[in-house]
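User: I would like to learn how to read salt bridges, cavities and confidence in a model. Please start with a charged pair and work outwards.

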Amino acid sequence: IRDIGVTGVQTCALPILLGLGVLALLSSLGLSWQATGARAMVPLQPGAARADQSSPLKPPSLATTSANARPNPATQADPDHQLVVLAYHEIAEPGQAISPDYAVTPAALNTQLGWLREQGYHFVSVDQLLAARSGGAPLPHRPVLLSFDDGYASVYNQAFPVLKRFQAPALVAVVGRWLEPDHGPVPFGDGVVDRQKLLSWAQLREMQSSGLVEVASHSFDLHHGINGNPQGNQLPAATTRLYDPKRGYESEASYRQRLRADLSRSANQLELKLGRRPRVIVWPYGRYNASAEAVARELGLPIGLNLDDGANSASVPLAAQRRVLMTAEMGPLNGLRQELDARRRNLGDTSRSARVMHVDLDYIDDPDPAQVERNLKLLLARIRAMGVNTVFLQADRKSTRLNSSHANISYAVFCLK
């Protein structure tokens, strides 16, 4: 097996030529990328195929740098009145969670909400947000909107009692397809889960009738991957043009119609089951684009929630409200404090401390496609093992087979979300 050339860098832009397959594989690790003259691809979910750990890799060196951590003064006029949106998933103990990495324990949730109140934060509702944006009463000092994605049963069993204790409004975003069956295994992302692990319609109705919980759309059936390129990589259904080996890429019109049909079905389902149409779309995997925003707006979904970095200043539209992803590794308070400070200072990917790896794609290239795949798996395993959050890619040999007529990119930087 070929060694993969990986070295530390201090520079910020390296020339590369690489194919869509490489972009998608790195995206599957959770690395988002920005490039000159190219449309960004997005991560489907954390993790990638495991590599053969017995295969050698050339030991890489890393550059750890604290990039210019300066807030954007244009959006820092009044950080105490900028909305903070927290994105929770499961509220469960690690041993009982479906996805332990994204589970917050009931004790941690209680601690976080109590600390927020002690620090002068105020829990707000969708009604208050819409009123503030339409010229009504402004949001209170340090406003916080709570959201819970995917519709886990633990939101009712564990989070709802905490919400009632603090009288904290919240959004609960559900995926319609997952709630259709009454029992048995149901499709869940790219796997399956027992229906009892998810919210029932009776539980949703009870939470909604409390006046604290508003139910949002998490799409009807877009929370999974679809074939996104000739290499067969699975990418988020909501933001990916479906690729068919015989017909090529989905047209813009077909793509929008697919989104329109899905979001309409979700809204109709929620109206039928709960008596109210949703006003909020919580984008699966936090990923969205201009076309998706336009379709949601047409269907009466004025608020869109994502997982972008940065502050929710007045210039950030309702359709692109940024959220803090709450994870197990953040702990009860330390991670939350750090994220709130980053939002107040309007720090993004390019403003955070970076653990950088430079990858020369010419070392990954090989006449044998199977060898290229093995080399890429080794690379992804090494990136994860070394805790890298920024990757610079370089490919100097213009004849490299990693090049694609679909991606001729001058500069690219991957940043781990």
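Analyst: Take Asp 309 and Arg 343, both of which are buried. This is a predicted model, and the two side chains form a salt bridge with an N to O distance of 3.6 Å.

User: Which parts of the protein does the pair of Asp 309 and Arg 343 tie together?

Analyst: To read a salt bridge, place each partner in its element and then look at the separation in sequence. Asp 309 sits in the loop between strand S18 (303-305) and strand S19 (323-325), while Arg 343 belongs to helix H9, so the bridge ties together parts that are 34 residues apart in sequence.

User: How many salt bridges does the whole structure have?

Analyst: The search finds 17. One of them joins the side chains of Asp 127 and Arg 279 at 2.8 Å, N to O. Asp 127 is in helix H3 (residues 126-133) and Arg 279 is in the loop between helix H7 (252-274) and strand S17 (280-282), so this pair links parts 152 residues apart in sequence.

User: What is the relative accessible area of Asp 127, and what is the relative accessibility of Arg 279?

Analyst: The value for Asp 127 is 48%, which makes it partly exposed. Arg 279, at 25%, also counts as partly exposed.

User: Which residue does Glu 252 meet in a salt bridge?

Analyst: Glu 252 pairs with Arg 241, at 2.5 Å from N to O. Glu 252 lies in helix H7 and Arg 241 in the loop between strand S14 (234-236) and strand S15 (243-244), so the parts tied together are 11 residues apart in sequence. Glu 252 is partly exposed, at 28% relative accessibility.

User: Which residues are linked in a network of salt bridges?

Analyst: A network is read as a group instead of a pair. Here Arg 177, Glu 180, Asp 221 and Arg 265 are linked in one.

User: How should I read the cavities, and how many of 30 Å³ or more are there?

Analyst: Start with the count and the volume, then go to the lining. There are 3 cavities of 30 Å³ or more, and the largest has a volume of about 90 Å³. Its lining includes Pro 79, Asp 80, Tyr 121, Arg 142 and Asn 312, as well as Arg 343, the partner of Asp 309 in the salt bridge above.

User: Which element gives the most to that lining, and what classes of residue are in it?

Analyst: Helix H9 (residues 334-344) gives the most, with 3 residues. By class, the lining of the largest cavity has 6 nonpolar, 2 polar and 4 charged residues.

User: How do I read the surroundings of a single residue, such as Leu 146 in strand S8?

Analyst: Check burial, then contacts beyond near neighbours in sequence. Leu 146 is buried, with a relative accessible area of 0%. Beyond four places in sequence, its contacts include Leu 86, Tyr 88, Leu 113, Phe 123 and Leu 163.

User: What does the whole protein look like in the same terms?

Analyst: It has 10 helices and 22 strands, and 53% of its 417 residues count as buried. Of the contacts with a separation of 6 or more, 70% are between residues 24 or more positions apart.

User: Where does pLDDT stay under 50?

Analyst: Read the average first, then the stretches. The protein averages a pLDDT of 80, and 75% of the residues score at least 70. Residues 1-20 stay under 50, and the model gives them 95 contacts beyond four places in sequence. Residues 32-76 are also below 50, with 137 contacts beyond near neighbours in sequence.

Terms used
Residues are numbered from 1 along each chain as its sequence is written. Side-chain values use heavy atoms; hydrogens and water are left out. On a 1 Å grid over the protein atoms alone, a cavity is a set of points where a 1.4 Å probe fits but cannot get out, and a pocket is an open set with protein on both sides within 12 Å along at least five of seven lines; lining residues have an atom within 4 Å of a point. Grid points are joined across faces, edges and corners, and a volume is the space filled by probe spheres set on the points. Helices (H or I, at least four residues) and strands (E, at least two) are DSSP runs, numbered from the N terminus. Ala, Val, Leu, Ile, Met, Phe, Trp, Tyr, Cys and Pro count as nonpolar, Asp, Glu, Lys and Arg as charged, and the others, Gly among them, as polar. pLDDT is the predictor's confidence in each residue, from 0 to 100. Contact means heavy atoms within 4.5 Å. A salt bridge is a side-chain nitrogen of Lys or Arg within 4 Å of a carboxyl oxygen of Asp or Glu. Buried means under 20% relative accessible area, exposed over 50%, partly exposed in between (1.4 Å probe, protein chains only).
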